[in-house]
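Open your viewer, bring up the cartoon and keep the selection box handy. We will walk through a few stops together, choosing residues as we go.

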Amino acid sequence: MNGGDEEVATAAGAGASQPGPPQPLEWKFSQVFGERTAGEEVQEVDIISAIEFDKSGDHLATGDRGGRVVLFERTDAKDHGGSRRDVERMDYPIRHPEFRYKTEFQSHEPEFDYLKSLEIEEKINKIRWCQTANGALFLLSTNDKTIKFWKVQEKKVKKISEMNMDPSKAVGNGGVASSSNSANPKSYLANGGCLERSSSYLNNDFSFPPGGIPSLHLPTVVTSHETSLMARCRRVYAHAHDYHINSISNNSDGETFISADDLRINLWNLEISNQSFNIVDVKPANMEDLTEVITSAEFHPTHCNTLAYSSSKGSIRLIDLRQSALCDSHAKLFEETEVPGSRSFFTEIIASISDIKFAKDGRYILSRDYMTLKLWDINMDSGPVSTFQVHEYLRPKLCDLYENDSIFDKFECCLSGDGLRVATGSYSNLFRVFGCGPGSSEATTLEASKNPMRRQVQTPSRPSRSLSSITRVVRRGADAAGVDANGNSFDFTTKLLHLAWHPTENSIACAAANSLYMYYA
């Protein structure tokens, strides 16, 4: 522990000559959708399994275990008219981001693979927004096997205005009752038929009702000013993965995306659904030689030729699509060297990376394993630049966590748009926010409830820092066993796995079972 104290002192000394770190954010409750009442039982199909903001931050999508995708749209930027930038120039204060329900649709249905005798559940694993066009929203959603490309657009509602129209009046279906320009004074029906020849050929097909032609039900369809949102599946990308899909990621070129399962990563063109290119394949010739699997993959936010993928051994590989068609070799490998003598039965399990995210500028990669968050500089492959303790207090309980399978929980992570903070989930519906700017020691624990700060104490655990590529990170912030980071009792049955940070503001959306909570700072 002395080493940790020395590191803190050194960090403090190094930061003395630099401008002070940003102040810790004070998080406030904003909204909740699908809040449970006390004692209400959560249906399995309603549990949220994916969250994603679009690039503008004006739309938010969630997916659930029932295969549904729910869309929310931002409302506060529209309240005063004009763009948000114009609003910011005005005198009154800017309100925090507020969203409202927009629409929902059934993205996936349960299926059965008869060849393998496997049930394919409808649960949405990932959602990714695509570029908008002509006022329509586009997004990709995937379950374990099938990716779908959706278009969501407002359509004008067509309604039947009247029935049994008088044939002497002009109507909305395109027929005319009479024409002043016509030399031949024929009379026409409301649906475009001609009375003169109706007796000659219509009577051969059917008999007229007793009341004659006027008693026919002739609807008039008109386009109203009302609109409704229509979700249409444009393409289905199927039959390309033998194992469960864990990631999809859009390319910055706007034309391609990747999908990753345990052993392969495929490259797709959005316009072509019946063909994909296998760009990474870690499947050994003999499956008994398998030592690691792919756990997450993501394209670089600006370089269309670069992507990163993580493995169950705790490593991240950066690959360059320009090097070869099949990217067997990586351009860079990021992994932390194992401390001698620290290996145990659980070492590889807790080292497995469950999620990776690029920072907005593409310079850093954030990774989440069971115990920690790590921030990597893509220009420095000797080790992470920062390590943040999330579950260090659970180390004495790893046996229990292995027995109840909690040790295999896959927590997601996210970065703020400015790159100064990172966040991830934990148990008891808690999530952690850490400052990763120079000299920052911000470490906030929040609860997914209407009172997010109620779990706070005066001295939160702090993230550990790596002062240079040579200095090994000495972990700090470990807490007593049996309690959470702030000394509270812990509940392993409630876990906050999914969360997303607004791309331009300090606003976080997170899922606690079937409830979507939103916070701002």
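Before the first stop, one term: two strands pair if DSSP finds at least two bridges between them. Keep in mind as well that this is a predicted model.

**Stop 1: strand E3**

Select residues 59-64, which make up strand E3. Is this strand mostly covered or mostly exposed? It is mostly covered, with six of its six residues buried. Show the side chains to look at the two faces in turn. On one side are His59, Ala61 and Gly63, and on the other Leu60, Thr62 and Asp64; both faces are covered. Buried here stands for a relative accessible area under 20%.

**Stop 2: back to E2**

Now add residues 48-53, strand E2. E2 and E3 run antiparallel and are joined by five bridges. To see how the two line up, pick Ala50 and look across to Gly63 in E3, which stands opposite. Then follow the chain through the turn: the hairpin of E2 and E3 has five residues between the strands, and Gly57 there takes a positive phi near 80°.

**Stop 3: on to E4**

Extend the selection to residues 68-74, strand E4. How many bridges link E3 and E4? There are five, again in an antiparallel pairing. Click Thr62 and then Val70, its bridge partner in E4. This hairpin has three residues between its strands, and Gly67 in the turn shows a positive phi of about 80°.

**Stop 4: the sheet from E24 to E27**

Next, move along the chain to an open sheet of four strands, ordered E24-E25-E26-E27 with antiparallel pairing. Strand E24 (413-415) and E27 stand at the edges; each has a single partner strand, so one side of each is left without a neighbour in the sheet. From one strand to the next, the twist averages 20°. In general, strands of a sheet pair through backbone hydrogen bonds, either parallel or antiparallel.

Zoom in on residues 430-435, strand E26, which pairs with E27 over five antiparallel bridges. For a landmark, choose Phe434 and find Ala443, its bridge partner in E27.

**Stop 5: Asn451**

For the last stop, leave E27 (443-447) and follow the loop towards strand E28 (464-465), where you will find Asn451. Asn451 is partly exposed, because its relative accessible area is 42%, and partly exposed covers values between 20% and 50%. Finally, select Phe29 too: Asn451 and Phe29 are 422 residues apart in sequence, yet their C-alpha atoms are 6.6 Å apart in space.

Terms used. Residues numbered from 1 in each chain as written. Predicted model: local features only at pLDDT ≥ 70, side-chain atom pairs only at ≥ 80, totals over all residues. Heavy atoms only, no water. Buried < 20%, exposed > 50% of the residue type's maximum accessible area, 1.4 Å probe, protein only. Axes fitted to C-alpha atoms, helices over the stretch in contact; angles between N-to-C directions.
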